[in-house]
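Let's take a walk through this model together, moving from one part of the fold to the next. Keep the structure open beside the text and turn it as we go.

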Amino acid sequence: MFQAASILCECVDIVRRSGEIIRAHWSGPRRVRHKGSIDLVTETDLAVEAFLKEKLAALLPGAAFMAEESSAADRDPGALCWIIDPVDGTTNFVHRIPQVGTSVALWQEGQVTLGIVNVPMLDECFWAARGQGAFCNNRPIAVSGADTLTEALVGTGFPYDVAERLPEVLERLAAVLPVSQGLRRIGAASVDLAYLACGRLDAFYEAGLKPWDLAAGWLLVEEAGGRVSNLRNESLRFGEALLASNGRLHKAMTALLAETA
């Protein structure tokens with residue numbers, strides 16, 4: 001079986017280089033197209049995706065691609081597939097909010113075996129290979145030690161069809177806000193999951209995520225010592241609402257959110 005860790009360094013280098021495209025476009029004019037009423041795409045999304053697909057295809061010939069701007073979210077990634085979000089947090093990018101991530105994961109025989117989340121405007125690159133731990137800028141990272149909800153800073157996000165799903169969104173907010181230390185909505189799920197992996201957040205939940213939003217961050221959290229599931233604490237499948245935590249808080253978060261699943 002191919003060992004994903006063998007190409008980790010080269011993949012990290014490629015993803016970091018793709019961040020230079022975001023940096024170069026940061027201060028320039030934004031040419032924005034709407035995929036939905038609040039779902040945006042820019043020339044930067046397309047340029048980063050094209051760069052990544054070219055370089056990763058050369059790195060691992062024969063691997064398929066599932067990428068936000070050119071793939072359907074509901075297809076089977078198959079046996080070996082790169083799962084890519086070129087600019088996670090496009091709305092942040094358009095408004096020059098620096099929590100903008102590039103998420104690259106390698107899907108291999110039913111699981112993520114390599115994950116990278118690069119946040120170029122903050123000069124932070126998170127990566128993990130299965131069984132090898134999680135890192136940020138070459139330093140090992142780990143989830144937090146919070147073990148009660150009153151200590152927990154929780155992250156969340158809102159789906160693009162939030163207007164149609166507002167009761168569900170508000171129900172979950174009403175469950176989490178009164179019992180936690182606070183709630184944050186960063187606007188890029190891959191960055192949320194990277195922040196959970198390094199202990200800045202203690203738990204995170206969100207519905208409506210696509211495979212490219214969560215694949216790399218999923219591995220980061222697990223390799224940093226955390227836990228990922230659906231809201232009922234069952235094995236997560238693409239398309240389900242995600243719950244991630246430092247592990248210590250998973251049972252308590254499930255108790256809050258399971259009935260909203």
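Start with cysteine 198, which touches Phe126, Ile141 and Ala142, not counting residues up to four places away in sequence. As you look at these contacts, keep in mind that this is a predicted model. Cysteine 198 sits in the loop that runs between H5 and strand E12 (203-206). If you would like a sense of scale, find leucine 8 as well: this residue and cysteine 198 are 190 residues apart along the chain, and their C-alpha atoms are separated by 19 Å.

From that loop, step back into H5 itself. Helix H5 (residues 189-197) packs against helix H6 (residues 211-223). Two packed helices are described by the angle between their axes and the distance between the axes. For this pair the angle is about 5° and the axes are 8 Å apart. Angles under 35 degrees count as roughly parallel, so H5 is roughly parallel to H6. Which residues of H5 and H6 meet? On the H5 side they are Ala189, Ser190, Leu193, Ala194, Leu196 and Ala197, and on the H6 side Asp213, Leu214, Gly217, Trp218, Leu220 and Val221. Sorted by class, this contact has nine nonpolar, two polar and one charged residues.

Now turn to the sheet. Seven strands form an open sheet with mixed pairing, in the order E3-E4-E5-E6-E7-E8-E9. Strand E3 (64-67) and strand E9 (139-140) stand at the edges; each has a single partner strand, so one side of each is left without a neighbour in the sheet. Helix H1 (residues 8-25) packs on the sheet, where it touches strand E4 (80-88), strand E5 (101-108), E6 and E7. The direction of H1 makes about 35° with that of E6. Helix H2 (residues 43-59) lies across E3, E4 and E5, and runs at about 155° to E4.

Within this sheet, look at E6 and E7. Strand E6 (residues 111-119) pairs with strand E7 (residues 124-129) in the antiparallel sense, over six bridges. Along this pairing, valine 119 stands opposite glutamate 124 in E7.

Glutamate 124 deserves a pause. Is this residue buried or exposed? With a relative accessible area of 15%, glutamate 124 is buried, because the cut-off for buried is under 20%. What does its side chain meet there? The side chains of glutamate 124 and arginine 200 are joined by a polar contact of 2.6 Å. Beyond its neighbours within four places in sequence, glutamate 124 is in contact with Val117, Asn118, Val119, Cys136, Asn137, Tyr195 and Arg200.

Before leaving E6, look at the loop between E5 and E6, where you will find glutamate 109. Glutamate 109 has a positive phi of about 50° although it is not a glycine. At 56% relative accessibility, glutamate 109 counts as exposed.

A further pair of strands is worth visiting. E10 and E11 pair in the parallel sense over three bridges, and leucine 153 stands opposite glycine 182 in E11. In a regular strand the side chains alternate between the two faces of the sheet. Strand E10 (residues 153-156) has both faces covered: Leu153 and Gly155 are buried on one side, and Val154 and Thr156 are buried on the other.

Beside this pair is glutamine 181, in the loop between helix H4 (166-176) and strand E11 (182-184). How far apart in space are glutamine 181 and leucine 153? They are 28 residues apart in sequence, yet 5.4 Å apart in space, C-alpha to C-alpha. Leaving aside neighbours within four places in sequence, glutamine 181 is in contact with Leu149, Thr150, Glu151, Ala152 and Leu153. Glutamine 181 is exposed, with a relative accessible area of 56%.

Our last stop is strand E13, where asparagine 230 is found. At 2% relative accessibility, asparagine 230 counts as buried. Its side chain reaches the backbone nitrogen of arginine 232 at 2.9 Å. Apart from neighbours within four places in sequence, asparagine 230 is in contact with Ser235, Leu236, Glu240, Ala241 and Leu243. Asparagine 233 lies in the loop between strand E13 (227-230) and strand E14 (242-245). Asparagine 233 has a positive phi of about 65° although it is not a glycine, and is partly exposed, with a relative accessible area of 29%.

Definitions and conventions. Residues numbered from 1 in each chain as written. Predicted model: local features only at pLDDT ≥ 70, side-chain atom pairs only at ≥ 80, totals over all residues. Heavy atoms only, no water. Pairing = 2+ DSSP bridges. Helix = DSSP H or I, 4+ residues; strand = E, 2+ residues; numbered from the N terminus. Contact = heavy atoms within 4.5 Å. Axes fitted to C-alpha atoms, helices over the stretch in contact; angles between N-to-C directions. Buried < 20%, exposed > 50% of the residue type's maximum accessible area, 1.4 Å probe, protein only. Polar contact = N/O pair within 3.5 Å; in protein donor to acceptor, adjacent residues only side chain to side chain. Parallel < 35°, antiparallel > 145°, perpendicular 65-115°, else oblique. Nonpolar A, V, L, I, M, F, W, Y, C, P; charged D, E, K, R; others polar.
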